[in-house]
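Colleague: Please take me slowly through the charged pairs in this model, as I would like a close look at that one part. A little about the chain around them would help too.

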Amino acid sequence: MSIYVAGKISGAHLNPAVTMALAVFRGFPWRKVLPYCIAQTAGAFAAAALVYRNYLPAFKQVDPQLEKTAGVFTTFPAFPALPQAGFLDQVIGTALLLLLILAITDEFDTPPGANLSPVMIGLVVVAIGMSYGGMHGYPINPARDFGPRLFTVLAGFRNNGLTDGTGSWWVPVVAPLLGGLVGAAVYDFGIRRFLCAS
């Protein structure tokens, strides 16, 4: 739905992995990459703050010391002793996301009719979550994970993955950025070049 809201304004860049891949492979201006990434992270931070305020009575009942519920806002490894274990699934998941976004929106391919691209991309995100969400909760978007994680730190959540000593914050930031580049490269060099040639 956010693609419908922001598509005409910004191209619906809601994910730094998408922004970076489009800068590398589609000529998106590099001068806009950092401001977009900051805006994406700030938007995710604000959304987390809104959710927290709405559910504050529930947090006070379920976790009054904010010791165990940061996972409402951000992702954590399924195997806490191995925080890096989810790195590969985030690379793969985000690679699939970018590959499919580029396929769905490629002017050389057959686009979905009746402005259905946002719906198709939403379904891609759901499918990735179902198939690649087990190891680290499928962030596939550094802003969607890091913005809310910053909020959990400021709100006083103790199990936030950033200041709690676990070091789990870097996987959902670094792996999607790498995965986005991999997916875009696979699409451009493995598929798009044949579309452009035909």
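Modeller: Happy to. A salt bridge, as the term is used here, is a side-chain nitrogen of Lys or Arg that lies within 4 Å of a carboxyl oxygen of Asp or Glu. Please keep in mind that this is a predicted model, and that the distances below are computed from its atoms. By the 4 Å rule, the count comes to 5 salt bridges.

Let us begin with Arg192 and Glu107. These two form a salt bridge in which the closest N and O atoms are 2.8 Å apart. The pair links distant parts of the chain, its partners being 85 residues apart. Arg192 belongs to helix 8 (residues 171-197), whereas Glu107 is found in the loop between helix 5 (87-105) and helix 6 (117-132).

How buried or exposed are the two partners? Arg192 has a relative accessibility of 14%, so it counts as buried, the cut-off being under 20%. Glu107, in contrast, has a relative accessible area of 57%; exposed means over 50%, so Glu107 is exposed. This bridge therefore joins a buried Arg192 to an exposed Glu107.

Now to Asp145, which has two arginine partners to look at. With Arg144, Asp145 forms a salt bridge whose closest N and O atoms are 3.8 Å apart. Arg144 is partly exposed, with a relative accessible area of 32%, while Asp145 counts as buried at 0% relative accessibility.

Asp145 also forms a salt bridge with Arg149, and there the closest N and O atoms are 2.7 Å apart. Both residues sit in helix 7 (residues 142-155); because they are 4 residues apart, about one helical turn separates them. Arg149 counts as buried, its relative accessibility being 0%. Shared partners also create a network elsewhere: salt bridges join Asp106, Glu107 and Arg192 into one network.

To put those pairs in context, the chain has 12 positive and 9 negative side chains. The centres of these two sets lie 8 Å apart.

Next, the surrounding fold. The chain has 8 helices and 0 strands, so you can read it from the N terminus as α-α-α-α-α-α-α-α. Its radius of gyration is 18 Å, close to the 16 Å that the globule rule gives for 198 residues, so the chain is as compact as a globular protein of that length. The C-alpha trace spans about 60 × 35 × 30 Å along its principal axes.

Of the 198 residues, 41% count as buried. Among contacts with a separation of 6 or more, 74% are between residues 24 or more positions apart. As for the surface, the chain exposes about 10400 Å², and 70% of that comes from carbon and sulfur atoms.

One last stop takes us back to helix 8, where Val174 lies. Val174 is partly exposed, with a relative accessible area of 38%. Its C-alpha atom is separated by 9.9 Å from that of Ile140, a residue 34 positions away along the chain.

Methods: Residues are numbered from 1 along each chain as its sequence is written. This is a predicted model: local features need pLDDT of at least 70, side-chain atom pairs count only at pLDDT 80 or more; totals for chains, interfaces and linings use all residues. Side-chain values use heavy atoms; hydrogens and water are left out. Helices (H or I, at least four residues) and strands (E, at least two) are DSSP runs, numbered from the N terminus. The radius of gyration is taken over C-alpha atoms; the globule rule is 2.2 Å times the number of residues to the power 0.38. Buried means under 20% relative accessible area, exposed over 50%, partly exposed in between (1.4 Å probe, protein chains only). Contact means heavy atoms within 4.5 Å. Accessible areas come from the Shrake-Rupley method with a 1.4 Å probe; for residues, only the protein chains shown count as cover. Lys and Arg count as positive and Asp and Glu as negative; His and the chain ends are not counted. The place of a charge is taken as NZ of Lys, CZ of Arg, CG of Asp or CD of Glu.
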